[in-house]
Amino acid sequence: MKHAIIFTALCSLLSSGHLSAQDEFYPPTVEISDHTLSRFLTELTLAVGKKDKDFILSHMDPNVLSSFGGNGGIDEFKEYWDFEKEHTTFWDELENILLIGGAKYEDGSGSYSIPYTFSDWPNEFDAFEHYLILGTHVNVRSAPSTENSKVLGQLSYRIVKLNQSPQDNSENESQWFNISTIDGKLTGYVHGKYLVSPVGYRMVLTKSTKGWVISSFVAGD
């Protein structure tokens, strides 16, 4: 009788979708026990809102890494991002990863990575062939447009296979990507603003004698 009850409950969970699929990748519950890191993340978020260049530069590791092809350093960072110019895209990129959010902080590690789509990405999904649909009930369409296209389905925080590289997009389709679910049951187009690459920009913070600093802000692998 006891086994029958357990079996019935399990079937109920399966039918109601309460058990997570392996390709679901929701943001983790952020647990940061180090109050100095929590404070720094709050200050960093405020600095991004104000585009406070002095804050960024004063909280940067002298050997900060900006690309995998460079030698590192603050001067290289400034050049890479055109940081002294008004049109720098640094603020948009940093804001994006802060909005995605970080992972749980490992006590005593002295290091913290953002976003979680980089630090916690499941190993079974190739980071160059898969993206995360970041959002709930994101439309998957029959064509790369909101006009004259059918909604084939909706996905929430699902890892999907990319059927084309960004370079393959034509000029008119530059913001749309053709994707398929891991099980292959749904294929269609998703707007690029809902897709996050696990090897996109990420930031690594390290704890120094002077407090938390930005030790790298890079993309790629």
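**Exercises on a predicted model**

Leaving aside neighbours within four places in sequence, Arg158 touches Asp23, Glu24, Tyr131, Leu132, Ile133 and Thr181, where contact means heavy atoms within 4.5 Å. The model is predicted, so local features need pLDDT of at least 70 and side-chain atom pairs count only at pLDDT 80 or more, while totals for chains, interfaces and linings use all residues. Residues are numbered from 1 along each chain as its sequence is written, and side-chain values use heavy atoms, with hydrogens and water left out.

**Exercise 1.** Place Arg158 in the chain and state whether Arg158 is buried or exposed.

*Solution.*
- Step 1: Arg158 sits in the loop between strand 5 (151-155) and strand 6 (159-162); helices (H or I, at least four residues) and strands (E, at least two) are DSSP runs, numbered from the N terminus.
- Step 2: Its relative accessibility is 18%, so Arg158 counts as buried (buried is under 20% relative accessible area, exposed over 50%, partly exposed in between, with a 1.4 Å probe and protein chains only).

**Exercise 2.** Locate Ala21 and give the separation of the C-alpha atoms of Ala21 and Arg158.

*Solution.*
- Step 1: The loop between helix 1 (2-16) and helix 2 (35-50) holds Ala21.
- Step 2: With a relative accessible area of 34%, Ala21 is partly exposed.
- Step 3: Ala21 and Arg158 are 137 residues apart along the chain, and their C-alpha atoms are separated by 8.8 Å.

**Exercise 3.** Give the strand order of the open sheet and explain why one side of strand 1 and of strand 2 is left without a neighbour.

*Solution.*
- Step 1: The open sheet has four strands in the order 1-11-10-2, with mixed pairing; two strands pair if DSSP finds at least two bridges between them.
- Step 2: Strand 1 (60-65) and strand 2 (111-114) are at the edges and have a single partner strand each, so one side of each lacks a neighbour in the sheet.
- Step 3: Strand 2 pairs with strand 10 (residues 202-208) in the antiparallel sense over four bridges, and Ser113 stands opposite Val204 in strand 10.

**Exercise 4.** Which helix lies across strand 1 and strand 11, and at what angle to strand 1?

*Solution.*
- Step 1: Helix 4 (residues 74-81) lies across strand 1 and strand 11 (211-218).
- Step 2: Helix 4 runs at about 60° to strand 1 (axes are lines fitted to C-alpha atoms, for helices over the stretch in contact, and angles run from 0 to 180 degrees between N-to-C directions).
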